[in-house]
Amino acid sequence: FPVTIRPDGRWGCTVYGMSPRAYPDMPVNPSLDYVAKVYERDFWNPLHLSEVKSQIVANAIFDAAINQGEGTWRKKLQEGLQEVINLSNAKAEDIKIDGVIGTKTIQALNSVDQVDLYVNLIGLQWERYHLIVRKNPKMRDWYRGWMKRVARTVTKAVHDREARGHK
């Protein structure tokens, strides 16, 4: 199983991205089923990702929320969405950037161009990693892995899109 041991990192040892600091009751060797249930409960469901019409967009939000924080990504999602609304003349109502992912946010999210939204959200994720390193140079050790993470997300999205016949 993927274990990362970084005593100098904020979360120390992680297993599948989960840390005993964040999940003190987690098993020493959690099963994939356990991890999936926790991620669904703590990330997928609170962000209402089952209501997002684009699986690629939902996956990008999910990945960013796991790695950068679900609370952070509530507002990042809304900021990115509002930017797409403003720049694309989308027929969506402006949304409040309040971290509440409710009906208005989901309706607006599903009404904008999903590729524009996806690209914007990936940009916000990338930008946040850079900000973290600028604020705390000790986090530079994590930077390469974060960039690989973003690259994997983009590569998977491109592959999934091509697999569905979109070029």
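Let me begin with a definition: the expected span of a helix is 1.5 Å times one less than its number of residues. I start there because helix 1 departs from that figure: a straight helix of 13 residues would span 18 Å at 1.5 Å a residue, whereas helix 1 spans only 16 Å between its end C-alpha atoms. Please keep in mind throughout that what we have on the screen is a predicted model.

Before I go further into helix 1, let me set out the whole chain. The chain has six helices and two strands, and, read along the sequence, these follow the pattern β-β-α-α-α-α-α-α. Of the 167 residues in the chain, buried residues make up 41%. The accessible surface comes to about 10,100 Å², and carbon and sulfur atoms account for 54% of that area. If we take the contacts in the chain with a separation of 6 or more, 45% of them are between residues 24 or more positions apart.

Now back to helix 1, and to which of its residues are buried. They are Val35, Val38, Tyr39, Phe43 and Trp44, and because they cover an arc of only 165 degrees around the axis, they sit on the same side of helix 1. The cover over these buried residues includes helix 2 and helix 3, while the face turned away from the buried side carries the exposed residues Lys37 and Arg41. Arg41 also takes part in a salt bridge, with Asp42 as its partner and the closest N and O atoms 2.6 Å apart.

That leads to the interior. The largest nonpolar core has 45 residues, and those that touch the most other members are Leu49, Val57, Ile61, Leu81, Leu109, Leu117 and Leu121. Two or more residues each are given to this core by helix 1 (32-44), helix 2 (55-68), helix 3 (70-88), helix 4 (103-111), helix 5 (114-135) and helix 6 (140-163), and the largest share, nine residues, comes from helix 2. If you would like one residue to click on, take Leu121: leaving aside its neighbours within four places in sequence, Leu121 is in contact with Val57, Ile61, Trp73, Lys76, Leu77 and Gly80.

Lys76, which appears in that list of contacts, brings me to the charged pairs. The structure holds five salt bridges, and one of them joins Lys76 to Glu79, with the closest N and O atoms 3.8 Å apart. Both residues lie in helix 3, three residues apart, which is about one turn of the helix. As for their surroundings, Lys76 is buried, with a relative accessible area of 17%, whereas Glu79, at 32%, is partly exposed.

Another of the salt bridges is formed by Arg149 and Asp63, whose closest N and O atoms are 2.9 Å apart. Here Arg149 lies in helix 6 and Asp63 in helix 2, so the pair ties together parts that are 86 residues apart in sequence. Is Asp63 buried or exposed? Its relative accessibility is 14%, so Asp63 counts as buried, given that the cut-off for that class is under 20%.

Finally, a word on the strands. Val15 lies in strand 2, residues 14-15, and is buried, with a relative accessible area of 5%. The C-alpha atoms of Val15 and Pro27, which are 12 residues apart along the chain, are separated by 10.0 Å.

Definitions and conventions: Residues numbered from 1 in each chain as written. Predicted model: local features only at pLDDT ≥ 70, side-chain atom pairs only at ≥ 80, totals over all residues. Heavy atoms only, no water. Core = buried A, V, L, I, M, F, W, Y, C linked by side-chain atoms within 4.5 Å. Buried < 20%, exposed > 50% of the residue type's maximum accessible area, 1.4 Å probe, protein only. Helix = DSSP H or I, 4+ residues; strand = E, 2+ residues; numbered from the N terminus. Contact = heavy atoms within 4.5 Å. Areas by Shrake-Rupley, 256 points an atom, 1.4 Å probe, with all protein chains shown as cover. Arc of directions from axis to C-beta. Salt bridge = Lys/Arg side-chain N within 4 Å of Asp/Glu carboxyl O.
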